[in-house]
Amino acid sequence: MKKNTTENKLLTFFSSIKLTIFLLLALAATSVIGTVVEQNLNSFEYINRYGQSVYDIFKLLNITDMYHSWWFLLLICLLVLNIIICSIQNLKKTWDIIFVKNPKFNINQFKKYKNRVQILSNLPLEKLIETVETKIIKKYSYKKTDRTKNGIIFFAEKNRWVKSGVYIVHLGVVLLLVGSLIGSLFGFDGYMNIAEGERNNVVKTGGSNKIRLLDFSVQCDKFNVLFYDSGMAEEYKSTLSIIENSKVVLKKDIVVNSPLRYKGINLFQSSYGVLDPEKIHAEIYNRQAEKIYEFDTVLGKKITLPDDMGILTITNYHKSFNFKGRKMGKAFTGVLNTADKDVFDIVMPYPFFEIKPSDQADLSSMINMLCTKRSKAYVEKIPVSFLSNKTKMVYKKIVEFGQSVKIPEDTGSFILTELKKSYSFKGHNLGETYMGKVTYPSGDTVHIAIPRKYPKFDKMRNGKVIIKIEDIPAKEKEAAFLPVISNFHSKYYTGLQVTKDPGVYTVYLGFIFIISGCFIAFFMAHERICIILEKTKKQTKIMISGKSDKNAQGMKIKISQFSRSINKKR
Amino acid sequence: MDSSNIFSITTFVYGFACIMYVVFWIFKSKISGKIATAVLIFGSILNIAGIGLRWSETYKLGFGHAPLSNLFESLTFFSLTIALLYLFVEFKYGKKILGVFASPMAFLAIAYASLGTNSQIAPLMPALKSNWLIAHVLTCFLGYAAFAIAYGISIMYLIKISESVNKMSIVKQLPDITVLDDLTYKMIVFGFFFLTLGIITGAVWANSAWGRYWGWDPKETWSLITWFIYATLLHARLIKGWAGKKIAYLSIFGFVAVLFTYFGVNYLSGLHSYGS
Ligand code: HEM
């Protein structure tokens, strides 16, 4: 007997089924957390949802990535240890059962089994022996016969190895976990986006923006999406080439569920996108000349329009454009600099409705809607009036931005600094606002704001001089042209999931072990039978008995079948 | 006549089978027991016909996929697996009374499909286009069905041992507690095997579609939680010799996890699409 050393205590602890039950239930219970608290979001998201103090607890316990936290991994490691130690301890016993050369059979035990059958037969002993040998014990892998004084005893056994089923399952579980460990140590999981016609070997991995270089380049020759009539995506397909030493070594179409595998790296179709368009074909309609011009351009290119219409630059492409609170879908935006130095911001929806020159009124309102004239305040001369608080005299002056002007009555100087797009006053947005600065002879300065909408705003300040913008620049001018994008071509890019997992084979082997082990352990049974034939005066006494590990019911049926088939004449 | 009509009829037939099982139980009427079984068989045939017809309908619509692609279709299939597995148990073990608890689950599943879910046939989204879909759904639902029946038997067990009712004659009618205990265990072994196979086929599929066999997606995680619970049950029984009440409670607990894996997870976010 072993002594009760610490070592032994530890072994008992690690092989105990109590630990197994605790670990399995603990894994089940803690796994729930990760399905309720969404994993791997950024910290703002958590603070937003749960508050700072809860987030601190999450961080402390690694709840935000709990399946990789130390305590979850610890539970798994303990389970592995538990399985291994438990299996090793039981293995010896099972080994002896499975690999014994001459299994022992105890007749007395067989005589006690409930499902035993005893009959008397009129058939001769030899005939019975023959039937048993040819019809019954043939199906058993191990058989043994013992002659007795007036009869014979058969023992037979099969599926002794079924006892190994649980070890196969447990080995499978261990392989599975080892495989996943290999994967997390030596593998990676990332993504790469490749535009049509281009190649890349940079994989972005993990949330921390790490990158990894592949030993080869991946080129996307073509990308295609098919849609069902309902608009749902039917299939994404990328034609990829693997390029090594500037040679194409492999070419394959990949779709979801059918990846490309090369040198241990797997490339999966996972997303796609559209790049900014190139080759934009546009038309511009000149309202005055009633002419349409066509031209090709690309984003950012300055196009000098004919008829002195100015310079058009299409600057941006928007997949879904919000215009004056309405969703417009695809649209381009751009800038038109006219010959007389007006600047228009232009929205070009795509696709555009056809232009009908007859519909002049509609067209006109459309142009006004889509072309917004930019304020030219920066270049204009602004009429400003100064009201002296002392004398109540009003003086008018033309002021340019950045230019210092003397304020009459020796009150100091004024400078108009800028026109702000918006100005917030006591929480209200007052819109476009002129900003300026008054410098008194004493050297004191006062900052001044005059919203366009409220020219008398400066009155409130009640200063020595009240400044007012006299005349807001004239009403916005209408654009004379309407550029329309008639078509454009833009490239797709394919989004590939790139993974490497050298542990996957071990995991799969684990799967095979687990499932075949379960099959063996659950659905197959170790069977032992004993048949005793014994001559009495006139007849032969037959006893059939047997035991099956799992399938007692089945054994009972089997034994009654055996008894019938033995006793048959033929 | 389209498949939805057949499923509606199937619902009624299953409902009728439930009633006949209850009549058999309460009035000990042999004839209604026979009718119950016959009706349940008829219901499963209709159920199969419905699934077959729906399969052909997907071809007519030009999609052509096994009808296992959304909650409605999975429920009709779940209902069929429960009915067939129960019939198998009935023929094998000859305990018709189990039908009182098993047939309502087949009925509820298909009734929920008809009333509570969208039965429209939709094309498959790209990620579902795989032969693994069939293997995965088939094995998972065989597992779920076995757990459902185990759950029914566990409830019977608890009724049978409850002191307040066990003197009532209809409770006395229920099979012996050792039989119930044994059958619960058998069903769970069967279910555990198929759940294991279901998780494995799912993992292999995920690996072939997304490049990873496991991603801790809520549905994956919940199926693993379920698996842990039933693994606990198996070990507790085999090694610690737990039986009876404890096993019945664990079996019920496990089935709650199954239900959550199936329905509850839809309220969490994830990849599995049966929610919508
Ligand atoms: C996730 C982990 C585990 C899984 C999936 C698993 C699975 C199984 C399966 C399928 C069986 C066969 C049941 C049968 O024969 O019908 C089994 C039996 C057994 N398991 Fe585990 N097991 C796990 C962990 C453990 C651990 C940690 C121990 C350590 C104590 C353990 C000890 C045993 C023993 C001793 C048996 C034999 C029971 C018997 O046939 O008497 N298992 N296990």
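How many residues of chain A are in contact with chain B, and how many of chain B with chain A? Keep that in mind as you open the model, which is a predicted one. The count is 42 residues of chain A against 41 residues of chain B.

**Stop 1: the interface**

Select both chains and look at where they meet. About 3800 Å² is buried between chain A and chain B, and carbon and sulfur atoms give 73% of that area. Now pick out Thr35(A), Asn257(A) and Phe522(A): these three supply 16% of the area that chain A buries against chain B, more than any other three residues.

**Stop 2: chain A**

Next, hide chain B and colour chain A by secondary structure. You should find 11 helices and 32 strands. Turn the chain along its principal axes, and its C-alpha atoms fill a box of roughly 150 × 60 × 45 Å. The radius of gyration tells a related story: a compact globule of 570 residues would come out near 25 Å, but chain A has 45 Å.

Switch to a surface view. Chain A exposes about 32600 Å², with 55% of it supplied by carbon and sulfur atoms. Of its 570 residues, 43% count as buried. If you draw a contact map and keep pairs with a separation of 6 or more, residues 24 or more positions apart account for 55% of the contacts in chain A.

For charges, select the Lys, Arg, Asp and Glu side chains. Chain A carries 85 positive and 51 negative ones, and the centres of the two sets lie 19 Å apart.

**Stop 3: chain B**

Bring chain B back and hide chain A. Which secondary structure elements does chain B have? There are 9 helices and 0 strands, so a cartoon view followed from the N terminus reads α-α-α-α-α-α-α-α-α.

The C-alpha trace of chain B spans about 55 × 50 × 30 Å along its principal axes. Why does chain B fit the rule for a compact globule? With 276 residues, such a globule would have a radius of gyration near 19 Å, and chain B agrees because its own value is 19 Å.

Back in the surface view, the accessible surface of chain B comes to about 11000 Å², and 70% of this belongs to carbon and sulfur atoms. Among the 276 residues of chain B, 59% count as buried. In its contact map, 80% of the contacts between residues at least 6 apart in sequence join residues at least 24 apart.

Finally, select the charged side chains of chain B: 19 are positive and 10 negative, with the centres of the two sets 8 Å apart.

Notes. Residues are numbered from 1 along each chain as its sequence is written. Chains are lettered from A and ligands numbered from 1 in the order in which they are written. Side-chain values use heavy atoms; hydrogens and water are left out. Helices (H or I, at least four residues) and strands (E, at least two) are DSSP runs, numbered from the N terminus. The radius of gyration is taken over C-alpha atoms; the globule rule is 2.2 Å times the number of residues to the power 0.38. Buried means under 20% relative accessible area, exposed over 50%, partly exposed in between (1.4 Å probe, protein chains only). Contact means heavy atoms within 4.5 Å. Accessible areas come from the Shrake-Rupley method with a 1.4 Å probe; for residues, only the protein chains shown count as cover. The place of a charge is taken as NZ of Lys, CZ of Arg, CG of Asp or CD of Glu. Buried area is the accessible area (1.4 Å probe) that two parts lose on being put together, summed over both.
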